[in-house]
Amino acid sequence: MVDEPLSAGAVARRLGVAVTTLRTWHQRYGLGPSQHVPGHHRRYTPADLARLEIMRKLTAEGVTPAEAARWATQSPGVAVRLPAGAGTGRDGGGQTIPVGRAGPAARGLARAAMRLDAAVIGDTISHALATNGVIATWEGLLRPVLAGIGERYGATAGLIDVEHLMSRCVSEAFAAVARSGRAAGPARILLSCADEEQHTLPLEALAAALAEAGVAYRMLGARVPVAALVEAVNRTGPAAVVVWSHTRPTADPGQLSALLAVPRRPLLVLAAGPGWRADTLPAGVVRPVDLAEAVSLALAVRDSLDQSTGADRT
């Protein structure tokens, strides 16, 4: 439920449906926005949204749109007696992806993911990135949904198709941010997954956040052997290296020790991700607690180098 009237786009994101679907429900079944202010587009009130929630729930469970609309348009304020078997899915149950305390946008994204609706998934992510930026979108929208998919997979071994589609949509959205925000100047940050680490989305989120902040970087991607990473560091001389590990089996501290021993040692080595244990990290390695801290540390390195370069020129 909401306190203020919403636009069609905002309602679509909350429900996890396309704006064209809302338009169809409006035209065919009268489930449209009821608030009208002269000179402005109509807006959806809390009562409108409640009816649309019923419409979405019933159609998702196999009720015909016409029948679902009949139930949804019952008098506001009267308890709606849903058809037998309808509305039994709970958060984390067989029909939903659990998103914890995440907001309506995350719930809408989870619904779209369950329907494998790539268009709505992409639109939702793109809107969040344009409105809130990379860090807020990752923490408040994407991580809860991805974690919920992982939770469902752990419990049922299902949703592999959902995870693959969702990952592809997230990667495409981050790649678009990285392309649009590519910074000029030398790439002083090197991003790499640990050896045999295949989970790249958090590293892609970091790349997009760096691009958004105007920081140039190089991305090596998944499953980078330590010898290859050392060679890349020696060849390019980055100021900072981020090594991502999602799981304990890929978090070998020896990889970090090897970076600290290279001739062109980076100013900063970051061990990012839940795979790393703080008590096993070599001295001098920093473990950021989240995406925001990783970006902040990268910005600090860049600014330090810029100041040093400026001082050398004077």
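**Notebook: helix 9, the pocket and the cores**

I began with helix 9 and noted that this helix is mostly covered, with 11 of its 12 residues buried. I kept in mind throughout that the model is a predicted one. The buried residues of helix 9 include L201, P202, L203 and E204, and further along the helix I also found L210 and A211 among those that are buried.

I then checked the length of helix 9: at 1.5 Å a residue its 12 residues should span 16 Å, and because the end C-alpha atoms are 16 Å apart, the expected span and the model agree. Looking past the helix, I noted that G214 follows helix 9 and has a positive phi, near 80°.

Next I looked up the largest pocket, which holds about 960 Å³ of space. Its lining is made of 32 residues, and I wrote down W138, H199, P202, W244 and H246 as the closest to its centre. I asked which helices each supply at least two residues of this lining, and found helix 7 (134–156), helix 8 (160–180), helix 9 (201–212) and helix 12 (291–313). Helix 7 gives the largest share, 8 residues. By type, I recorded 19 nonpolar, 8 polar and 5 charged residues in the lining of the largest pocket.

Last, I turned to the largest nonpolar core, which has 56 residues and in which L142 and M166 have the most contacts. I also noted a second, separate core of 20 residues, with L49, L58, A69 and A72 among them. Going back to L142, I listed its contacts, leaving aside residues up to four places away in sequence, and found that L142 touches L109, I125, T137, M166, V170 and F174.

How values were computed: Residues numbered from 1 in each chain as written. Predicted model: local features only at pLDDT ≥ 70, side-chain atom pairs only at ≥ 80, totals over all residues. Heavy atoms only, no water. 1 Å grid on protein atoms, 1.4 Å probe; cavity = no way out; pocket = protein on both sides within 12 Å on 5 of 7 lines; lining within 4 Å. Points joined across faces, edges and corners; volume = space filled by probe spheres on them. Helix = DSSP H or I, 4+ residues; strand = E, 2+ residues; numbered from the N terminus. Nonpolar A, V, L, I, M, F, W, Y, C, P; charged D, E, K, R; others polar. Expected span 1.5 Å × (residues − 1). Buried < 20%, exposed > 50% of the residue type's maximum accessible area, 1.4 Å probe, protein only. Core = buried A, V, L, I, M, F, W, Y, C linked by side-chain atoms within 4.5 Å. Contact = heavy atoms within 4.5 Å.
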